[in-house]
4 protein chains.
Amino acid sequence: MLDHPLVPGPTSAIEKGPWHYGADYVSVYFRGDPFSLKQIVPRPFVVDDGTCTAYVCEIISVGESGADMVASRPDRTVYHEAAVGVKCRFKENTGVFFPVMWVTTEWSLLRGILNGYQKRLADRISMTKLHPLNPGLNPISAGAKFGGFCVKGPGEALSLEVEVERAGEPSDLPSFGATYGMRRFPSTGFGQETVNEPVEILKSNSRITDVWIGTGSVRTELGVGGIRPLFGAVYRSGFTISGSRALKG
Amino acid sequence: MLDHPLVPGPTSAIEKGPWHYGADYVSVYFRGDPFSLKQIVPRPFVVDDGTCTAYVCEIISVGESGADMVASRPDRTVYHEAAVGVKCRFKENTGVFFPVMWVTTEWSLLRGILNGYQKRLADRISMTKLHPLNPGLNPISAGAKFGGFCVKGPGEALSLEVEVERAGEPSDLPSFGATYGMRRFPSTGFGQETVNEPVEILKSNSRITDVWIGTGSVRTELGVGGIRPLFGAVYRSGFTISGSRALKG
Amino acid sequence: MLDHPLVPGPTSAIEKGPWHYGADYVSVYFRGDPFSLKQIVPRPFVVDDGTCTAYVCEIISVGESGADMVASRPDRTVYHEAAVGVKCRFKENTGVFFPVMWVTTEWSLLRGILNGYQKRLADRISMTKLHPLNPGLNPISAGAKFGGFCVKGPGEALSLEVEVERAGEPSDLPSFGATYGMRRFPSTGFGQETVNEPVEILKSNSRITDVWIGTGSVRTELGVGGIRPLFGAVYRSGFTISGSRALKG
Amino acid sequence: MLDHPLVPGPTSAIEKGPWHYGADYVSVYFRGDPFSLKQIVPRPFVVDDGTCTAYVCEIISVGESGADMVASRPDRTVYHEAAVGVKCRFKENTGVFFPVMWVTTEWSLLRGILNGYQKRLADRISMTKLHPLNPGLNPISAGAKFGGFCVKGPGEALSLEVEVERAGEPSDLPSFGATYGMRRFPSTGFGQETVNEPVEILKSNSRITDVWIGTGSVRTELGVGGIRPLFGAVYRSGFTISGSRALKG
């Protein structure tokens, strides 16, 4: 059988989960304007104090039983992602909701939408990469600069710059709590089934290494209000997503 | 508010419908193997006699209230599409089901999936285009050749060639009947809402012009069995899609 | 033999010429600042009165003996181009020099550089396309709007908008005279051969049709100084380029 | 001034050199058919015993004074490359000549052509990447598989697979000697300057680390004759290219 694009399987756009991720991040934590943020975070999530995160990353991702695809179909295992996340509350819990998450491949787009991320397809995401053997580049150290940008359509959807000041610890990165999302599949005609549910994305196996902390700046077309950068960070992270669970209001 | 990628609106990936289309096609009608086709056409649709269509086209598309986007956001109004359609029956009716339809933009991908097309994102679709003022090209006439291909990942997903023999009429193109599809949005965790419904895509305003008929050949990675070409055609078409309606078993 | 990328031949990036073109243009004529323009037009060309042209177009192009490639290799016959041209003088003649011409394919990039155009590779060029059978679109008429943009790297290299007011004639489009360029291939080490010559591109068979004239605006990252739009135009054109000839100082 | 695309400078497609490289390779060494190889290696280079190398790699590259571009313009510092190299002799020396080297960016394409590489623009190059924090992936060890492919136009230009068996040493990788190339810039009309010179690319600062050796296979559209794989390798490498020097016949 030929799998439907949204129904995980060997001929679908989406591999069967759980899905494993290893990612390299350039990120900036900032304060946006809570009133503006309210316009881009749907109920039942409630914007917290305006704390946000923006990042650009490269991700290596495989499905639970598809680790061999890094060799047989490498194009199905590498993508870039750029996103803005907003600190939110749901009932008594806190978490992060991403109004938009741009990605560079079909499979990360559809997989994410299925799980509840509001993913969009970027035209291009580019970010700083170093290489230890490049004779013209230094290893990361205080003063090293990183940057990244995401282009969609006629212009820049997101760009950010980080200058690192010191090696850090995973605990230097704020934990927002849960990862929230919206699964939606509206009707296009009479009598159709629909989906409209807030979810918590089920993340596990999280590890963070190679943290560097410094200053940062961010620009985005997303309506986050005036941006007050808090700090910038560069780090690596790994985690597993097994799907999402419906949140009952 | 920021629209969810799948919920039509000004900041969604999908414009509000109905959606209007104007398209230039290079297509080949062929017979595939009914047993093979049965593997790629889901129930409740029943493969007919093995008649299929394959095409590559360029489409100019706008939402009902978004015609000005051809100027303000041309990237949101032009895309390429390649597809294989299989003649099917549903109850007493006949129609066409497209096991896969490759497109080149996010918005045509997501809009199609929402309406029930099993769309996938192509890496590249290329097809013959003529230009009346190019001093090295002749106007279309008997013997003129057309071609197109769709690449996804490491190789060619579909390619076709047509050599036209004579001007034709819209009635030279077989009418398969209705356009069928599947709307699916499966669960990724406990207690989630899901969608799984066969649909008829609601097409209207169909017009066909500039028909040329000839011979054709087609290659595809899709499992259609041995291909016996029936004929090739080049034509222009316009139509409107207003959504889809659920088919009750 | 395998042809060198720059040596025209069947396995080169460049087909053997002459090369034939059929193109659809959205263009804006404007005045830039002559002092700024002087910084982007190399000697021996002398900036005239600041008159410039900017355009975005789609081009169908074939080599003299390669018209069949529209069917066998359509990807080698279609590209998009965006450019800014500056009215110049060379000795007693006038002409246009294009400080930069962005294109979307390898073969148009290298073919152009060989002939003397200062071509660059765009990440994306998008422009208004209409379709006579699209039920949501009107045929071109007074008030119709057109637009186009070119993205390279993190941002927009060029964008323009045109609102047409009336059908026009080819004579409504200013003729700048000759098309000038620079053929350059500098040394990268001791004792190497080099090329550094101003040229006139050899254009013939020019035809223009479907002219519409109106107002326009243009934005560009190119340093043209303050832009005063003169008028906008939409038209189709065909021509042949057979190469270029060296201009002797 | 606006730099010509081929004349290194801040507004050219090419940064000023020397250029520094850090690269991750998946490669296969193989024997091709010397008679076939003779058709794709130009004089004055003489095909040796048929030994060839094929690879896919990701490269981080910066110009001598442009290391900050990894942050300010990351799109100008990362690209992918795929190539086939043929062991050759020039006079009493041996070296490698690359009949074709596909790359994914404008600047690596033009920089390479200027230095004497017969570069072409790929539509896509994809290759295995691992990530130490991905919970679904193991660190490299005996039995690990790697792959890569390059797509151009309607199909695959090159693909390769490697299964590593053991950690190796830089000395496990055959040294072909010098890197040869052809600088060519032919005439397109009467009286034009031209370039046609064999060169040696000036490489220095070479370092190789993280070598793993195993078996491999390769497919390519390039006419190398029957392919007999010798071995596969995965490694990292850094080097500097300062330009090229003309070889006198």
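These legends go with close-up views of a predicted model, taken at two of its chain contacts and around one glutamate.

**View 1. Chain B against chain A, the whole contact.**
Here 56 residues of chain B are in contact with 57 residues of chain A. Put the two chains together and about 4,300 Å² gets buried, with carbon and sulfur atoms giving 59% of that area. On the polar side of the ledger, the pair has 4 salt bridges and 27 residue pairs in polar contact, counting pairs with both residues at pLDDT 80 or more. If you sort the residues on the chain B side by type, you get 25 nonpolar, 17 polar and 14 charged.

**View 2. What chain B brings to chain A.**
Zooming in on one salt bridge, Arg120(A) pairs with Glu106(B), and their closest N and O atoms are 2.8 Å apart. Which elements of chain B each supply at least two residues to the side that touches chain A? They are helix H3 (106-115), strand S5 (119-121), strand S9 (178-185), strand S10 (195-220) and strand S11 (228-246). H3(B) gives the most, with 6 residues.

**View 3. Glu106(A) and its surroundings.**
Now switch to chain A, where Glu106(A) lies in helix H3 (residues 106-115). Is Glu106(A) buried or exposed? Its relative accessible area is 4%, under the 20% cut-off, so Glu106(A) counts as buried. Skip the neighbours within four places in sequence, and Glu106(A) is in contact with Ala13(A) and Leu121(A) from chain A, plus Arg120(B), Leu121(B) and Lys152(B) from chain B. Two of these chain B partners are worth a closer look. The side chains of Glu106(A) and Lys152(B) are joined by a polar contact of 3.2 Å. At Leu121(B), the backbone nitrogen sits 2.8 Å from a polar atom of the Glu106(A) side chain.

**View 4. How chain B maps onto chain A.**
A turn of 180° with a shift of 0.0 Å along the axis lays chain B on chain A, at an RMSD of 0.0 Å. The two copies use the same surface for this contact: 100% of the contact residues of chain B recur in chain A.

**View 5. Chain B against chain D.**
How many residues does each chain put into this contact? Chain B and chain D each put in 7 residues. The area buried between chain B and chain D is about 580 Å², and carbon and sulfur atoms give 53% of it. There are 2 salt bridges across this contact. One of them can be picked out easily by name: the side chains of Asp123(B) and Arg124(D) meet with N to O at 2.6 Å. The tally of residue pairs in polar contact, both at pLDDT 80 or more, is 2. On the side of chain B that touches chain D, the residues split into 3 nonpolar, 1 polar and 3 charged.

**View 6. The axis between chain B and chain D.**
Chain B goes onto chain D with an RMSD of 0.0 Å, using a turn of 180° and a shift of 0.0 Å along the axis. That is why the pair can be described by a two-fold axis. In chain B, which residue has the C-alpha nearest the axis? It belongs to Gly155(B), with its C-alpha 2.6 Å from the axis. As for the contact itself, the same surface serves both copies, and 100% of the contact residues of chain B recur in chain D.

Definitions and conventions. Residues numbered from 1 in each chain as written. Chains lettered and ligands numbered in written order. Predicted model: local features only at pLDDT ≥ 70, side-chain atom pairs only at ≥ 80, totals over all residues. Heavy atoms only, no water. Contact = heavy atoms within 4.5 Å. Buried area = accessible area lost by both parts, 1.4 Å probe. Polar contact = N/O pair within 3.5 Å; in protein donor to acceptor, adjacent residues only side chain to side chain. Nonpolar A, V, L, I, M, F, W, Y, C, P; charged D, E, K, R; others polar. Helix = DSSP H or I, 4+ residues; strand = E, 2+ residues; numbered from the N terminus. Buried < 20%, exposed > 50% of the residue type's maximum accessible area, 1.4 Å probe, protein only. Least-squares fit on C-alpha atoms with pLDDT ≥ 70 in both.
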